Amino acid sequence: MRLYYLAGMGVAAVLLACEAPASDNPVANGLTPAAVTASSHGGHDHDMEHERGHFATERELFRLRRDTDQFHSIPRAERAGYAAFGPCFDNPGVGGMGYHWANQALIGDSAIDVRKPELLVYRPTPDGGRQLAAVEYIVFVDEWHAKGHVNPPKLFGLEFHINPTLLEKPFYLLHVWAWYPNPSGTFMDWNPRVSCS
């Protein structure tokens, strides 16, 4: 997760909120987007436009964590329509993703909703378990543009990129490491802290 976007008291609160599910985390339970913004702002008026972009992203990430907190439980994710998809994905020398649980109904609607990621990504843990680490948004390229969109989809201020080969047809995607820090960046595909081996 990117650490440079907040300063002061907000850093500790956001890091704690990222590291544990909200239901188990008293800091996250008391944290609101307004509180994050207020505590991070510190009353200073410097570089306001730059900070606004980071605050907007933090609010979106906050909402995403709240909306996906229940999916730390794989049985709850499966009751919500997600199912295991494919093997553990990794890229030796670069990093891993882990195991994906895909929601076919969300993939099939050809839409992007920040509150409803198409895939949940679980990293393997040393004891053989699975820990919710990231989410992935995907939409098929042809279906997205058939709806009249000219540009690629965009969330968190970032345009999606294309994977041309993994599925039967090219798709746009964006990973968000909302629950497990990625030293390469919150929105990068591969996480050097994740391995399938």
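The following paragraphs lead through a predicted model, from its sheet to its nonpolar cores and then to three individual residues.

The sheet offers a suitable point of entry. Six strands form an open sheet in the order 1-2-3-4-8-7, and their pairing is antiparallel. Strand 1 (82-91) and strand 7 (161-163) are the edge strands, each of them pairing on one side only. Direction ignored, neighbouring strands of this sheet are turned by 35° against each other on average. At one end of the order, strand 1 and strand 2 (residues 95-103) run antiparallel and are joined by seven bridges. Asn91 has Gly95 of strand 2 standing opposite.

The nonpolar residues come next. The largest nonpolar core has 25 residues, and those with the most contacts inside this core are Leu120, Tyr122, Tyr137, Phe156 and Val176. At least two residues of this core come from each of helix 4, helix 5 (74-79), strand 3 (119-124), strand 4 (130-140), helix 7 (141-146) and strand 8 (171-176). Strand 4 supplies the largest share, namely four residues. There is also a second, separate core, which has eight residues, among them Phe89, Met97, Val121 and Ala133.

Tyr122, one of the residues with the most contacts inside the largest core, has a long list of partners. When residues up to four places away in sequence are not counted, Tyr122 touches Phe71, Ser73, Ile74, Ala77, Met97, Gly98, Tyr99, Trp101, Arg130, Gln131, Leu132 and Ala133. Two of these partners, Met97 and Ala133, are included in the second core.

Phe156, also among the residues with the most contacts inside the largest core, is placed in a loop, between strand 5 (154-155) and strand 6 (158-159). Phe156 counts as buried because its relative accessibility is 5%, and buried means under 20%. Beyond residues up to four places away in sequence, Phe156 touches Thr57, Glu60, Leu61, Leu64, Val114, Tyr137, Leu174, Val176 and Phe187. From Phe156 to Val176 the separation is 20 residues in sequence and 9.3 Å in space, taken from C-alpha to C-alpha. The backbone of Phe156 also deserves attention: its phi is near 55°, a positive value in a residue other than glycine.

A positive phi is found at Ser110 as well, with a value of about 55°, although this residue is not a glycine. Ser110 belongs to the loop between helix 6 (104-108) and strand 3. With a relative accessible area of 10%, Ser110 is buried.

The last stop is Thr68, which is placed in helix 4 (residues 48-68). Since its relative accessibility is 0%, Thr68 counts as buried. What does the side chain of Thr68 reach at 2.8 Å? It is the backbone oxygen of Leu64. In addition, the side chains of Thr68 and Trp179 are joined by a polar contact of 3.0 Å. Once neighbours within four places in sequence are left aside, Thr68 is in contact with Pro117, Leu132, Val135 and Trp179. Leu132 thus links two parts of this account, being in contact with Thr68 and touched by Tyr122.

Methods: Residues numbered from 1 in each chain as written. Predicted model: local features only at pLDDT ≥ 70, side-chain atom pairs only at ≥ 80, totals over all residues. Heavy atoms only, no water. Buried < 20%, exposed > 50% of the residue type's maximum accessible area, 1.4 Å probe, protein only. Polar contact = N/O pair within 3.5 Å; in protein donor to acceptor, adjacent residues only side chain to side chain. Contact = heavy atoms within 4.5 Å. Core = buried A, V, L, I, M, F, W, Y, C linked by side-chain atoms within 4.5 Å. Pairing = 2+ DSSP bridges. Axes fitted to C-alpha atoms, helices over the stretch in contact; angles between N-to-C directions.
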